[in-house]
Amino acid sequence: MSLPPTIRPAGDHSILIELEGNDAVQRLAARLQAERGELEEIVPGHQTLLLVWARETPSLSEVEQLISGAQLTAEAMPEPSEVELAVNYDGPDLAAVAGACGISPEELAARHLACRYRVGFIGFSPGFAYLLGGDPALQPPRLAEPRTRVPAGALAIAGPYSAVYPRSSPGGWNLIGSCDELIFNEAQNPPALLTAGMAVRLVAK
Amino acid sequence: MSVTIEVIKPGALTTLQDLGRPGFAHLGIPRSGAADRGSLKLANRLVGNAEGAAALECTLIGPSLLLHDDALIAITGAEISARVGDEELPLNSAVSVAAGGLLQLKTASAGLRSYIAVRGGISAQPMMSSMASDLLSELGPAPLRAGQLLESGEPTGEVPAIGVAAVATPEDEPLLQVIRGPRDDWFADEAFELLATSRWEVSSDSNRSGARLIGPELPRVRSDQLLSEGMTHGAVQVPASGQPIILLADHPTTGGYPVIAVVASADLDAAGQLRPGQKLRFRLN
């Protein structure tokens, strides 16, 4: 039996909805995107969906009605679109991460490639996609000292997440490889290549 | 007629702002826009612009701008001395400046951010339906630099008959209303007591993404890591240090620190006027 969503007020113009997992987040987000109404922002997190209104938040019963049925796991979801990213395992932290996991860099690359990923949510910086679905045995913690500059296209892992840095920025994740694909381009519509719910397949370049 | 504005001195940090780019937070793109939206809207209304037209947001020390054409301008927001030549300009008023006038803003004496609207709005290339300069994500136009030329757009609406607005000066020690949650269960009762009774100081580390506060450590009852979740404007986020941060216009769209409370909509503009070194209090609703 699945848990009902928890509704948490976030000020007088937003509500944070806590769900049982990222699948439920994607289902509710997809449904609300389709019937947006007066919602200004629908922001997926790992296990939450933040709803922001341009006015005061509606009453609790209106919100309950808006999200009703979100706990029904059988709810039909459209097949997610799939994006293929060509990657190289040539990152500066590859050997250290492999060593910490007790495997060779080649095995780490093979196991990282073999996973089926999905975009859990976007955050941190424009277009930065948190990929879920990684190998549970490959979950290195963030670096104790974040780098002041991570190059655009760096393939990185931290905890349960993998990501490709869309642009050069500071960052505390372990850099295990690189990807040439343009993840974020503000001149394009939509500007982000990856959006929440998408399936992502990594292939060796 | 369009107005050309030459930036003689850019001031401490002057950016182009409008009401931002709502609707893209799920792509990691902050709304951005004026940190004090009410003051931006007022400046625009005074010169007959649409409320969300692009205007200049100045930070503490204002710019010097040479107006190459006759212009109708309005300055709102922080309490600041603004002059054209020897003439002191009234704030919160529509003011005509003749071609060749050098508009000089000094240092704000109360509040932090001033808005300069020009009739016709400032024109720039919109990025995702906004001309706002988002300093966190480096989207939109860069901050003003000396020698740069700005152009106004074509005036559209009528200039209002009354060109003066009665506006209260930003307070020395504002009281911001906050609403508990969404992560109130991560904090000890003492944390709410401290939040509501302490006098907080605004840190010099503050910027358009957030106002960092200095005061007592807000104790948590949980020490595990919060899974990243969406962040809303005005969220009072508490990192591991226990020192809260009020999220402002350029705030990251998601975050992994629990939010103890959120500033009420009515006080978001006041939060955007907090200046480093200033004291403030919270009223917990």
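This is a dialogue on reading pockets, chain contacts and backbone features in a predicted model.

Me: What should be known about the conventions and the pLDDT limits?

Reply: Residues are numbered from 1 along each chain as its sequence is written, and chains are lettered from A and ligands numbered from 1 in the order in which they are written. The model is predicted, with local features needing pLDDT of at least 70 and side-chain atom pairs counting only at pLDDT 80 or more, while totals for chains, interfaces and linings use all residues; side-chain values use heavy atoms, leaving out hydrogens and water.

Me: What volume does the largest pocket have, and how is a pocket defined?

Reply: On a 1 Å grid over the protein atoms alone, a pocket is an open set of points where a 1.4 Å probe fits, with protein on both sides within 12 Å along at least five of seven lines; lining residues have an atom within 4 Å of a point. Points are joined across faces, edges and corners, and the volume is the space filled by probe spheres set on them. Here the largest pocket has a volume of about 1600 Å³.

Me: Which residues lie nearest the centre of the largest pocket?

Reply: Its lining has 50 residues, and those nearest the centre are A:Phe124, A:Arg142, B:Pro252, B:Thr254 and B:Tyr257. Helices (H or I, at least four residues) and strands (E, at least two) are DSSP runs numbered from the N terminus. At least two lining residues each come from β11 (169-171) of chain A and from β14 (210-214), β17 (245-247) and β18 (254-255) of chain B. The most comes from β11(A), with three residues.

Me: How many residues of each class are in the lining of the largest pocket?

Reply: Ala, Val, Leu, Ile, Met, Phe, Trp, Tyr, Cys and Pro count as nonpolar, Asp, Glu, Lys and Arg as charged, and the others, Gly among them, as polar. The lining of the largest pocket has 25 nonpolar, 18 polar and seven charged residues.

Me: How much space lies in the second largest pocket?

Reply: The second largest pocket holds about 510 Å³. It is lined by 28 residues, with A:His13, A:Glu40, B:Arg31, B:Arg37 and B:His233 closest to its centre. In this lining, β3 (39-44) and β4 (48-53) of chain A and α1 (37-46) and α3 (268-271) of chain B each supply at least two residues. By class the lining has 13 nonpolar, eight polar and seven charged residues.

Me: How many residues does each chain give to the contact?

Reply: Contact means heavy atoms within 4.5 Å. Chain A gives 37 residues and chain B gives 35 residues. Buried area is the accessible area (1.4 Å probe) that two parts lose on being put together, summed over both. For chain A and chain B this is about 2700 Å², with 56% of it on carbon and sulfur atoms.

Me: How many salt bridges are there between chain A and chain B?

Reply: A salt bridge is a side-chain nitrogen of Lys or Arg within 4 Å of a carboxyl oxygen of Asp or Glu. Between chain A and chain B the count is three; over all chains it comes to 24. B:Arg183 pairs with A:Glu18 in a salt bridge, where the closest N and O atoms are 3.1 Å apart.

Me: Where are the cis peptide bonds at A:Pro190 and B:Pro182?

Reply: The bond from A:Asn189 to A:Pro190 is cis, with omega near 0°, and A:Pro190 is in the loop between β12 (174-179) and β13 (199-204) of chain A. The bond from B:Gly181 to B:Pro182 is also cis, with omega near 10°; B:Pro182 lies in the loop between β12 (175-180) and α2 (189-197) of chain B.
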